[in-house]
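Reader: Please take a close look at one part of this model, the nonpolar core and the helix that goes with it. Add whatever is worth saying about aromatic pairing elsewhere.

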Amino acid sequence: MRNRIIIIVSVLILSAIVLFALLNGSASVNIFSLSETGRDILFRIRIPRIVLGLITGLVLATSGGVLQGMLNNPLAEPYLLGISSGAALGSIIAIVLNKIFLMPIFGFGGALLTIILVWKIGKKGKIIHRTQLILSGIIISLFFSAIIALLMSIFQRELGQIFSILMGNLGYIFSKSSISILWIMVGISIIGVTLLNIFSNRINILSLGDYTADSLGVNVYKTRKFLFIITSLLVGMVVAFTGIIGFVGLIIPHICRILVGPDNRYLLPLSGILGAGFLVFCDTIARSILVIELPVGVITALFGAPFFVYLLKQKP
C-alpha cells in the first residue's frame, strides 16, 4: 500500500513539473491567453521538447533500473555499457559528413553496433559473464570516446555541434514534416518500457544470482539477452536525438530503491516516472537561468554527482 501511494504521489509531482516546464522558459507564455507567437512557442517548440524530455528520462531511468537488476551491479547503466557512446559517435559521424538529417539513423546504427560488439566480447560460448559484459562496455565506450576525440581534432568547425551531443541537449527542433518521428518514438518508448516492466519479476529472480535463477526455472541467457537488446535499442533511439545525458540512469534507480525497496515491480515504474520528471525539470532550468541555453547534461551532472557521492558515503 505504501509503495502504491509513493507512485501516485510521484505522478502528481511529475504533473506539476510538466506544468512548470510549460509556463517557464526564455520567453514567457500565458497558456490561458495565447497570442499567435505564444501559440507557436507552445505547440511547435515547448511541448515537443517536454515530450522528448519525458520519454528520454523514462527510457534512461527504466533502462538503468533494469541493467542494475539483471547484472546485479549498482553501477550498471547505459553509459557504462557503451550504448550512449555508440549512439553519440553515430550522430557525430553524421555531422562531420554534413548529413544532419540522418543523425537519428546514424545514432541508432551506432547503438546497434555497440550492442553487437559488447555482446560478442562479453559472451563465451553460450555463457554471458556479468562482469565481462560490463568490462566490454567500458572498453567499447573508451574506444568510441577516442574516435570522437579524433574527430573533434580534425573537424574543429563542427566543435559546437559535437559538444552539444556530448553534453546532451533536448533542443532538437521537429519540423511539421518530422514531428511524426517524435510520436513514433513516444509509441516505441511506451511499448518498450511496458515490456521491461512485464519482466520485473524475472529481474527480481536474476538479481538473486545466476544459479538461483536457473534453479527457479528462469532461462538466464535468453532473458538477459532479451532485456539487453530492448534497453539498448530504446537508449540508442533517444540518445540519437538528445546526445549523452549522464546520471539519469544511474541515480534515479538508486533514489527509487531507497523509496520503495529493491522489488522491481515498484522500482521500475517509479524510476520511469521520476526519471521523466527529473530530466524535464533539469531541462527547464537549463533553458531558463541564463540568457544562453545550457546543455541539460550539465544540470543533471550538477545534481547527480554530489547526490551520488552522498549515496556512496551512506554505504557501510
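**The core, helix H2 and the aromatic pairs**

Author: In this predicted model, Leu227 touches Val66, Met70, Leu196, Phe199, Ile203 and Leu206, leaving aside its neighbours within four places in sequence. Leu227 is also among the residues with the most contacts inside the largest nonpolar core, together with Leu52, Phe228, Val248 and Ile252. That core has 93 residues. Helix H2, residues 36–70, gives the most to it, with 13 residues.

H2 itself has 35 residues. From its first C-alpha to its last it reaches 50 Å, close to the 51 Å expected at 1.5 Å a residue. The helix nevertheless has a kink of about 35 degrees, centred on Leu42. Of its 35 residues, 26 are buried, so H2 is largely enclosed by the rest of the structure. Just after the helix, Asn72 takes a positive phi of about 50 degrees.

The loop between helix H10 (220–242) and helix H11 (248–260) is where Gly246 is placed. Its relative accessibility is 24%, and because buried means under 20%, Gly246 counts as partly exposed. Between the C-alpha atoms of Gly246 and Ser180 there are 27 Å, and the two residues are 66 residues apart along the chain.

Now the aromatic residues. The structure holds 5 aromatic pairs. In one of them, the ring centres of Phe278 and Phe303 are 6.2 Å apart and the ring planes are at 70 degrees. Planes over 60 degrees apart count as edge-to-face, so this pair is edge-to-face. The two residues belong to distant parts of the chain, 25 residues apart: Phe278 is in helix H12 (residues 264–286) and Phe303 is in helix H13 (residues 296–314).

The partners fall into separate accessibility classes. Phe278, at 15% relative accessibility, counts as buried, whereas Phe303, at 40%, counts as partly exposed. Both rings belong to one aromatic cluster, which is formed by Phe20, Phe278, Phe281 and Phe303.

To return to the part you asked about: H2 gives the most to the core, and Val66 and Met70 are among the residues in contact with Leu227.

Conventions
Residues are numbered from 1 along each chain as its sequence is written. This is a predicted model: local features need pLDDT of at least 70, side-chain atom pairs count only at pLDDT 80 or more; totals for chains, interfaces and linings use all residues. Side-chain values use heavy atoms; hydrogens and water are left out. A nonpolar core is a set of buried Ala, Val, Leu, Ile, Met, Phe, Trp, Tyr and Cys residues joined through side-chain atoms within 4.5 Å. Buried means under 20% relative accessible area, exposed over 50%, partly exposed in between (1.4 Å probe, protein chains only). Helices (H or I, at least four residues) and strands (E, at least two) are DSSP runs, numbered from the N terminus. Contact means heavy atoms within 4.5 Å. The expected span of a helix is 1.5 Å times one less than its number of residues. The bend at a residue is the angle between axes fitted to the seven residues ending there and the seven starting there. Rings of Phe, Tyr and Trp (its six-membered ring) pair if their centres lie within 6.5 Å; planes under 30 degrees apart count as stacked, over 60 as edge-to-face and the rest as tilted.
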